[in-house]
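Me: Let's talk through this model before I set anything up. I'd like to start with a helix, then move on to cores, empty spaces and a few single residues.

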Amino acid sequence: MQQTIMYKSTRNSDLRVTSSQAILQGLAPDGGLFVPEKLPVWDGDFRRLSEQSYQETAYQIMRLLLTDFTEEELKDCISKAYDAKFDDPLMAPLRHEGDAYYLELFHGKTIAFKDMALSILPHLMTVAARKNQITDEIVILTATSGDTGKAAMAGFADVPGTKIIVFYPKDGVSRVQELQMRTQRGGNVHVVGIDGNFDQAQTGVKKIFRDPEMNRRMKAQGLRFSSANSINIGRLVPQIVYYFYAYGQLLRQGAVKPGERINITVPTGNFGNILAAYYGKRMGLPVKKLICASNENKVLVDFFRTGAYDKNRSFKLTSSPSMDILVSSNLERLIYRISGDDSEQTAKLMSALSSQGVYKITDGMYTKLSDFYGNYASEEETAGEIAQVYRECGYVIDTHTAVASKVCRKYREETKDMTPVVIASTASPYKFARAVVCAIKPEMAEKTDSELIDELEKLSGVRIPEAIEDIRKAPILHNTFIAGDGMEEEVASWLGLS
């Protein structure tokens, strides 16, 4: 008989909710993040894993964590999420290039890894609302560093009973990312560019979530907030799936034997994608080392090297903007785990981060970080890695994947560990065509964005994705720009709160 998994807040272990309630709330009332009170053990066998479709693997993993969803409900959500909207029948194919395996997570509607989770979240949320007799309209409030916003809007656009508001740093995303958001159709969608960076957008969203007066006004209008960021456990759980699926593909390709350990390299900013791999390891996925790859905003690298998290540093705009983050929200879930599920200590550390911008974990907690290796790639190294991978393999990777690929290369040179490695390839190179093409052919720097996209098609041999063709001709529908301190007022105005 399957065990029931309840969810607790990282800042209050006495608060217990079901998985559907955690998905609906997004953020705990105390500002903490919901975590499973225990991680279940995957009870499958490797032979079956190598034979399963993505949808079958998704059900096998998600049923262990979303235990108040029935088999019928979960399978229905999965079948609606992972269908023909993905341009590859494997959903997340594993490409063997050089001496690494690239897990392509960008075959969804918005050509970024966020599609893997945000294709299913609206369905999980709709079922969760029904299960909990929620009649309020759900307002998805989300901050994005470039990809989450578009993927969330694509998932929630015109979904009955929902509205979605996305805030993004107007000077901190690529041109393609911005156009994808500003051309988004849907009567329930609102896109807002802010003067500021992603951390400011994320902090503003969390502040609105916790504002009692705003929540009172929302309730009076029959509205309630939820989130599509990876602070929502309904975003995180589906991300665990593709690491198990990658292992199944390694088995199918004869790259590993059943039970043989692998390394996983993830380019990360908000720490959600690599946390999903960590949860997978704790659930029984044979993982040796989790390689955390950062760009020049290397706050996570410094944390893994010293045990001190310090956001008091200059914020850098890079060619991998989805990782331009100094406050990695999902790290709180790891802190909670390595503290021995101590919500009081976690709350104290998060309070220090909020008030002083820095905290340091104990020596005992630091010893529990041995699963991780952290390093970073400079802007020059990122461009060099794109060129090197193309030169050696004829394979084109985006800037975020290049950060991961370079850090993986550094790890192997430093440790001599040649364990088979899966690199999370988180975005299509088409989302960052200028940076990618100019890394391979610097002489094209003066070309237009459109010319660079056409050149990328020639270099990669991959047809221009529909998502890119769409924004070439789609009208701009969203033109709202505000100061960073005007987010709450903008939400109230758009929702018509009295």
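Me: How many of the eight residues of helix H19 are buried?

Reply: Six of the eight residues in helix H19 (433–440) are buried, so the helix is largely enclosed by the rest of the structure. Buried here means under 20% relative accessible area, exposed means over 50%, and partly exposed is in between, with a 1.4 Å probe and protein chains only. Helices (H or I, at least four residues) and strands (E, at least two) are DSSP runs numbered from the N terminus. Please keep in mind that this is a predicted model, in which local features need pLDDT of at least 70 and side-chain atom pairs count only at pLDDT 80 or more, while totals for chains, interfaces and linings use all residues. Residues are numbered from 1 along each chain as its sequence is written, and side-chain values use heavy atoms, with hydrogens and water left out.

Me: Which residues of H19 are the buried ones, and which helices do they pack against?

Reply: The buried set consists of Ala-433, Val-436, Val-437, Cys-438, Ala-439 and Ile-440. These residues pack against helix H17 (379–393), helix H18 (399–415) and helix H20 (449–460), where contact means heavy atoms within 4.5 Å.

Me: You mention H18; what about His-400 in there, buried or exposed?

Reply: His-400, which lies in helix H18, counts as buried because its relative accessibility is 3%. Its side chain is joined to that of Asp-398 by a polar contact of 2.8 Å; such a contact is a pair of N or O atoms within 3.5 Å in which, within protein, one must be able to donate a hydrogen and the other to accept it, and residues adjacent in sequence count only if both atoms are side-chain atoms. Leaving aside neighbours within four places in sequence, His-400 is in contact with residues including Pro-267, Ser-322, Thr-426 and Phe-432.

Me: Which residues have the most contacts inside the largest nonpolar core?

Reply: Tyr-7, Met-62, Phe-271, Leu-334, Ile-335 and Tyr-359 have the most contacts inside that core, which has 111 residues. Helix H11 (residues 233–252) gives the largest share of it, 13 residues. A second, separate core has 41 residues, among them Ala-100, Tyr-395, Val-396 and Leu-452. A nonpolar core is a set of buried Ala, Val, Leu, Ile, Met, Phe, Trp, Tyr and Cys residues joined through side-chain atoms within 4.5 Å.

Me: And what is Tyr-359 in contact with?

Reply: Leaving aside neighbours within four places in sequence, Tyr-359 is in contact with ten residues' worth of surroundings that include Phe-303, Tyr-309, Leu-331, Ile-335, Leu-349 and Met-350.

Me: Switching to empty space: what volume does the largest pocket have?

Reply: The largest pocket has a volume of about 860 Å³. Of its 34 lining residues, Lys-109, Ile-111, Pro-465, Glu-466 and Ala-467 are the closest to the centre. Two elements, helix H7 (148–156) and helix H21 (466–473), give two or more residues to this lining, and H21 provides the largest share, four residues. On a 1 Å grid over the protein atoms alone, a pocket is an open set of points with protein on both sides within 12 Å along at least five of seven lines, whereas a cavity is a set where a 1.4 Å probe fits but cannot get out; lining residues have an atom within 4 Å of a point. Grid points are joined across faces, edges and corners, and a volume is the space filled by probe spheres set on them.

Me: How many cavities of 30 Å³ or more are there in the whole structure?

Reply: The search finds four. The largest cavity has a volume of about 240 Å³, and of the 24 residues lining it, the closest to its centre are Phe-113, Lys-114, Gly-269, Asn-270 and Ser-322. H11 and helix H12 (272–283) each give two or more residues to that lining.

Me: Last one, Ser-19: which side chain does it have a polar contact with?

Reply: The side chain of Ser-19 is joined to that of Asp-68 by a polar contact of 2.3 Å. Ser-19 is in helix H1 and is buried, with a relative accessible area of 1%. Not counting residues up to four places away in sequence, Ser-19 also touches residues such as Tyr-7, Leu-65 and Phe-69.
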